[in-house]
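Me: I'm new to this one, so could you walk me through it a step at a time?

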Amino acid sequence: MGYGFNGGFGGANIQNLMRQAQRMQAEMEEKKAQLDVTEFRASVGGGMVEVVMMGNRTIKSLTIKPEVVDPDDVEMLQDLVISAVNDALNQIAKAEKESMPQVPGM
């Protein structure tokens, strides 16, 4: 009895697996493209600092209310900006994880 490519796990099964992998790749690319143009908004300090970041991790806008600008407390403003940017980045990471298909073993 020979174990060739004519039965069992033969060529047809490999072709099916390749087609399935290509479909999954196309689906992932489409979802990534959709995420790239999605806006993620993060607001901190009671709305004193707001950042709008695109899914491709570029900042679209940064709004700082004048009343939060205190020359004697620049560190607070820096912390608010960092917090808003990190919040937007975390939203993007969560959306990526939720929208991408789960691949077993990864």
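Me: In what order do the elements of the chain run from the N terminus on?

Reply: Keep in mind that this is a predicted model. Its secondary structure comes to 2 helices and 3 strands. Reading from the N terminus, the order is α-β-β-β-α.

Me: Which strands stand at the edges of the sheet?

Reply: The 3 strands form an open sheet, ordered 1-2-3, with antiparallel pairing. An edge strand has a single partner strand, so one side of it is left without a neighbour in the sheet. That describes strand 1 and strand 3 (59–64).

Me: By how much are neighbouring strands of this sheet turned against each other on average?

Reply: Take the pairing of strand 1 and strand 2 as an example: it is antiparallel and covers 6 bridges. For the turn between neighbouring strands of the sheet, direction is ignored. The average comes to 10°.

Me: Which residue in strand 2 is the bridge partner of Ala42?

Reply: Strand 2 covers residues 49–54. Ala42 is among the contacts of one residue there, along with Phe40, Arg41, Ile59 and others. The bridge partner of Ala42 is Val51.

Me: Which residues touch the most other members of the largest nonpolar core?

Reply: In soluble globular proteins, nonpolar side chains tend to be buried together. Here the largest nonpolar core has 16 residues. The two that touch the most other members are Val49 and Val51.

Me: Which element gives the largest share of this core?

Reply: Among the 16 residues of the largest nonpolar core, at least two come from each of strand 1 (39–44), strand 2 and helix 2. The largest share is 7 residues, and the element that supplies it is helix 2.

Me: Is Glu96 buried or exposed?

Reply: Glu96 sits in helix 2, which spans residues 74–99. Leaving aside neighbours within four places in sequence, Glu96 is in contact with Lys32, Leu35, Gly55 and Arg57. Its relative accessible area is 18%, and the cut-off for that class is under 20%. Because of that value, Glu96 counts as buried.

Me: How much of the area that the chain exposes do carbon and sulfur atoms supply?

Reply: Buried residues make up 20% of the 106 residues in the chain. The chain exposes about 7900 Å². Of that area, the share from carbon and sulfur atoms is 57%.

Terms used. Residues are numbered from 1 along each chain as its sequence is written. This is a predicted model: local features need pLDDT of at least 70, side-chain atom pairs count only at pLDDT 80 or more; totals for chains, interfaces and linings use all residues. Side-chain values use heavy atoms; hydrogens and water are left out. Helices (H or I, at least four residues) and strands (E, at least two) are DSSP runs, numbered from the N terminus. Buried means under 20% relative accessible area, exposed over 50%, partly exposed in between (1.4 Å probe, protein chains only). Contact means heavy atoms within 4.5 Å. A nonpolar core is a set of buried Ala, Val, Leu, Ile, Met, Phe, Trp, Tyr and Cys residues joined through side-chain atoms within 4.5 Å. Accessible areas come from the Shrake-Rupley method with a 1.4 Å probe; for residues, only the protein chains shown count as cover. Two strands pair if DSSP finds at least two bridges between them. Axes are lines fitted to C-alpha atoms, for helices over the stretch in contact, and angles run from 0 to 180 degrees between N-to-C directions.
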